[in-house]
Amino acid sequence: MNARRARTTIVLAGFTLVAGACGGTQASSTPPSPQPVASSPSPIASPSAEAVANPAPIVEGQPYRPDLPPPEDFVAVIDNPYMPFLPGTRTVFEGVSDGQRERNVVVVTDRTKVILGVTTTVVHDQVFSANGGLAEDTFDWYAQDRFGNVWYFGEDTAEYANGKISSTKGSWEAGVDGAQPGVVMLAQPTVGESYHQEYLKGEAEDVGTVVALDESVSVPYGSLDQILVTEDTTPLEPQILEHKFFAPGIGVVLERVLSGGREVSRLVSYQPS
């Protein structure tokens, strides 16, 4: 999952979101409230399924072993307030990568894909170059457990050059060739908490750490507050340090590489489902 692809659960106790009209490029500081969690059927009791503060922990010197709930402990709708992936939602980002302007369009589809028995939501993520040509075309697979954690189960990605696929490097699927799912948003984020976002040894090893919970930010879409900030790194490219900014009720609104590269992506349009 690269810097452009990490684009949702329970409402935190005492955390009230005020609904706001968010369409086109209209600025707003009151994003819409996420919909209630829609629980998937649970025909089989799972006595071992208990809320875990961090189900994808980083344990020094130990191999990664996610505390993945059983399939019946996943819900049908991803509505984490910091990462709502409701079908029909469309977000547009504009920015610069390696000195080149680009446009990123993310659409939450109504398609699903079953991975490790879990029904995931398919999110379509496309990156376009300054001349409008398709640079990347990716289908990401996400699912939310009933505790509120948003899991990442992999991606089918392709890079394009001159209108043709030039590489599919970066594609992976949980359960295939040793790949394991990770968590891209915790149910109860806590400053200082670190977690695996994805895992395929030597290919996908992104790690996230919560560094702030109440920041403010201004992007072309508008001025927003109550922002959660994560610091994203990977041992595969240790020189790269990135911050991602998440607005409640919207999700990612800003991504900025602080070291190891020149990349920034800002929200310009948000159209909820």
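**Exercise 1.** State what share of the residues in the protein chain is buried, and describe the exposed surface.

*Solution.* Take burial first. In this predicted model, the protein chain has 273 residues, and buried residues make up 50% of them. The cut-off for buried is under 20% relative accessible area. Next, take the surface: the chain exposes about 12200 Å², and 50% of that area is supplied by carbon and sulfur atoms.

**Exercise 2.** Count the helices and strands, then trace how S4, S5 and S6 are joined.

*Solution.* The chain contains zero helices and 18 strands.

- Step 1: strand S4 covers residues 90–97 and strand S5 residues 100–115; the two run antiparallel and are joined by eight bridges. Within this pairing, Val96 has Arg101 in S5 as its bridge partner.
- Step 2: two residues lie between the strands of the S4 and S5 hairpin, where Asp98 takes a positive phi near 55 degrees.
- Step 3: S5 also runs antiparallel to strand S6 (residues 118–129), with 11 bridges between them. Here Glu102 has Ser129 in S6 as its bridge partner.
- Step 4: the hairpin of S5 and S6 has two residues between its strands, and Leu116 takes a positive phi near 55 degrees there.

**Exercise 3.** Describe the second largest pocket by volume, lining and residue classes.

*Solution.* The volume of the second largest pocket is about 330 Å³. This pocket is lined by 15 residues, of which Ile58, Val59, Gln62, Tyr64 and His196 are the closest to its centre. Sorted by class, the lining has eight nonpolar, three polar and four charged residues.

How values were computed:
Residues numbered from 1 in each chain as written. Predicted model: local features only at pLDDT ≥ 70, side-chain atom pairs only at ≥ 80, totals over all residues. Heavy atoms only, no water. 1 Å grid on protein atoms, 1.4 Å probe; cavity = no way out; pocket = protein on both sides within 12 Å on 5 of 7 lines; lining within 4 Å. Points joined across faces, edges and corners; volume = space filled by probe spheres on them. Nonpolar A, V, L, I, M, F, W, Y, C, P; charged D, E, K, R; others polar. Helix = DSSP H or I, 4+ residues; strand = E, 2+ residues; numbered from the N terminus. Buried < 20%, exposed > 50% of the residue type's maximum accessible area, 1.4 Å probe, protein only. Areas by Shrake-Rupley, 256 points an atom, 1.4 Å probe, with all protein chains shown as cover. Pairing = 2+ DSSP bridges.
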